[in-house]
Amino acid sequence: MKAAPIRDRNDIRQYDDLVDAWWRPEAAFAALHWLAAARGRLVPEPLVDGEVLLDLGCGGGLMAPYASVYRHVGVDLSASALSVADRHGVLVVRGDVAQLPVADGAATVVVAGELLEHVRDLPAVVAEVCRVLRPGGTVVIDTINATRVARLALVGIAERLPGGPPPRIHDPELFVCPDRLRTLFAEHDVDLRVWGIRPAARDYARFLADRRHPVRMVPTRSVTLVYQGVGRKEDG
Ligand SMILES: C[S@@+](CC[C@H](N)C(=O)[O-])C[C@H]1O[C@@H](n2cnc3c(N)ncnc32)[C@H](O)[C@@H]1O
């Protein structure tokens, strides 16, 4: 098999190199499967048929099992990832999350899973999330904190561990401070509540043994590494 080229950190072409890994829970995107399940637990039930869940940076569509009660629309820059998401029932749109090709207030739920730590213009992306979210709608995020510990643990160490992020997928300069994120959302009338999450130790030990066991992400008081957030856009 041809070795994947060495790319710059956060180079979007890495998702082309890894296109066969999206739906293999033992492979490079293992942790994204665990995070998608944790994210899915935060998605509210729709009130009526046909409501839209907009999945920003949807990648290969790993949210599909948790979004089937919605019209699951995924936006991503990576054409190869979108073709995988399409095969899993996601209605795909190629685009940049900093300039969404989506009407104001079109989505009941906006999900941004493991996306915000990849974008160069965070204020623009948060503004777009809030623009396309309808009043009363819910935003669900997870991302990586901009701490020295996170840089060491998730780049220096975890990139070498099974279930850790693929090497060079992250640029630690783009990691996201939760206070800054909450402030940006508040500017658009979304009160974001955040908390830390980590893999359950026993599950991770079993995953190490068989590379199959699903790993439940559990809440933790510390937001030092990976954190989740949920916010609701004020009504009218
Ligand atoms: C770490 S993956 C997360 C994928 C998916 N959300 C998940 O959790 O399985 C990040 C995704 O964001 C996409 N992405 C990065 N920057 C983007 C941008 N500016 N606009 C749209 N998609 C972007 C990448 O192509 C990639 O599919």
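A polar contact, as the term is used here, is a pair of N or O atoms within 3.5 Å. Keep that cut-off in mind as we walk through this predicted model, starting at the ligand and then moving out to the sheet.

Let's look first at leucine 77. One of its polar backbone atoms sits 3.3 Å from a nitrogen atom of the ligand, and that falls within the 3.5 Å limit for a polar contact. Two more residues offer contacts of this kind. Aspartate 96 contributes a polar side-chain atom, 3.0 Å from a nitrogen atom of the ligand. With valine 97 it is the backbone that takes part: an N or O atom there is 3.0 Å from a ligand nitrogen. Taken on its own, the ligand has 590 Å² of accessible area, and the protein covers 95% of it.

Now widen the view to the whole shell. The ligand is surrounded by 19 residues, and the closest are Gly57, Asp76, Asp96, Val97 and Gly113. Sorted by class, the shell holds 9 nonpolar, 6 polar and 4 charged residues.

From here, turn to the sheet. It is an open one, built from 8 strands with mixed pairing, and if you trace across it you meet them in the order 3-2-1-4-5-8-6-7. At the edges are strand 3 (91-94) and strand 7 (217-220), each of which pairs on one side only. On average, neighbouring strands are turned by 25° against each other, direction ignored.

For a parallel pair, find strand 1 (residues 52-56) and strand 4 (residues 107-113), which are joined over 4 bridges. Within this pair, leucine 53 has valine 109 of strand 4 as its bridge partner. Helix 6 (residues 178-186) also belongs in this picture: it packs on the sheet and touches strand 5 (133-144), strand 6 (190-199) and strand 8 (226-233). The direction of helix 6 makes about 150° with that of strand 6.

Strand 6 is a good place to finish, with an antiparallel partner on either side. Strand 8 runs antiparallel to strand 6, and 8 bridges join the two; here aspartate 191 stands opposite arginine 232 of strand 8. Strand 7 pairs with strand 6 in the antiparallel sense too, over 4 bridges, and in strand 7 you will find proline 219 opposite isoleucine 197.

Terms used: Residues are numbered from 1 along each chain as its sequence is written. This is a predicted model: local features need pLDDT of at least 70, side-chain atom pairs count only at pLDDT 80 or more; totals for chains, interfaces and linings use all residues. Side-chain values use heavy atoms; hydrogens and water are left out. Two strands pair if DSSP finds at least two bridges between them. Axes are lines fitted to C-alpha atoms, for helices over the stretch in contact, and angles run from 0 to 180 degrees between N-to-C directions. Contact means heavy atoms within 4.5 Å. A residue is near a molecule or strand if one of its heavy atoms lies within 4 Å of it. A polar contact is a pair of N or O atoms within 3.5 Å; within protein, one must be able to donate a hydrogen and the other to accept it, and residues adjacent in sequence count only if both atoms are side-chain atoms. Accessible areas come from the Shrake-Rupley method with a 1.4 Å probe; for residues, only the protein chains shown count as cover. Ala, Val, Leu, Ile, Met, Phe, Trp, Tyr, Cys and Pro count as nonpolar, Asp, Glu, Lys and Arg as charged, and the others, Gly among them, as polar.
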